[in-house]
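Subject: Handing over a structure

Dear colleague,

I am passing a structure on to you, and my notes on what was found in it follow below. Please look through the sequence and the model before you read on.

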Amino acid sequence: MTGQPQLPFGTFDFSAPALEVTDRLVAPVADALKNWDDREAARSVLYVETDPEKADTAVFCETYGVPLDASANCVVVAAKRGGETTLAACLALATTRVDVNRTVRRHLEARKASFAPMDTAVEATGMEYGGITPVGLPADWPLLVDEAVARAPFVLVGSGRRRGKLILPGRVAAALPGAVLLPDLAG
């Protein structure tokens, strides 16, 4: 292990390049990092250990010294049309709200879109609720990314577990497999 890397923000007791600590990640996230075609992007992802009891965004940011506008949420949505349900993920800054009823619904060409039930999101991603991340999502899912995420120098996202987070450049988050950049995804 190369030791603790320089972090763009925050104070954490433990940090490391995510590729060096894949044993701390759920299988879909570890596999995605190990098999990512863009090796430079995979190497840019950092892992930080966090307390799951301090997962609420405001409490988390205060505890770890993370700017609120550097925190991004990954939410799973279910889009329905003609009896078919399509799952997708949306990535937006924590200071904004994903426009599920208009932007997501239109982009996915659905009659109705809503946040997926917790058990559906957990089962489909192989990740823990409260830790769902855009890294390692099912290959056939679209990942809708708000432009503000792509413009951010770095964003903090889930790690697939409630204990731990990933930090990655915004441009890397917007280049994840399946990513589609949307200007009006969140507001």
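I begin with the sheets. One open sheet has 5 strands in the order β5-β3-β4-β6-β9, with mixed pairing, where two strands count as paired if DSSP finds at least two bridges between them, and where strands (E, at least two residues) and helices (H or I, at least four residues) are DSSP runs numbered from the N terminus. Because β5 (112–115) and β9 (179–182) stand at the edges with a single partner strand each, one side of each is left without a neighbour in the sheet. The twist from one strand to the next averages 30°, with axes taken as lines fitted to C-alpha atoms and angles running from 0 to 180 degrees between N-to-C directions.

Please bear in mind that this is a predicted model, in which local features need pLDDT of at least 70 and side-chain atom pairs count only at pLDDT 80 or more, while totals for chains, interfaces and linings use all residues. Residues are numbered from 1 along each chain as its sequence is written, and side-chain values use heavy atoms, with hydrogens and water left out.

Within this sheet, strand β3 (residues 72–81) is joined to β5 by 4 bridges, the two running antiparallel, and K80 stands opposite K112 in β5. In the loop between α3 (57–64) and β3 lies S71, which is buried at a relative accessible area of 5%, buried meaning under 20% (1.4 Å probe, protein chains only). Apart from its neighbours within four places in sequence, S71 is in contact (heavy atoms within 4.5 Å) with T57, C61, L93, A94 and L156.

Another open sheet has 4 strands in the order β1-β2-β8-β7, with antiparallel pairing. Here β1 (15–17) and β7 (155–158) are at the edges, each with a single partner strand, so one side of each has no neighbour in the sheet. Strand β2 (residues 46–48) and strand β8 (residues 165–168) run antiparallel and are joined by 3 bridges, with L46 opposite I167 in β8.

Finally, the largest nonpolar core (buried Ala, Val, Leu, Ile, Met, Phe, Trp, Tyr and Cys residues joined through side-chain atoms within 4.5 Å) has 41 residues, and L91, V155 and L166 have the most contacts inside it. Leaving aside neighbours within four places in sequence, the residues in contact with V155 include F9, A70, L93, L166 and I167. A second, separate core of 15 residues includes V77, C90, A92 and A186.

With best wishes

Definitions and conventions: Buried < 20%, exposed > 50% of the residue type's maximum accessible area, 1.4 Å probe, protein only.
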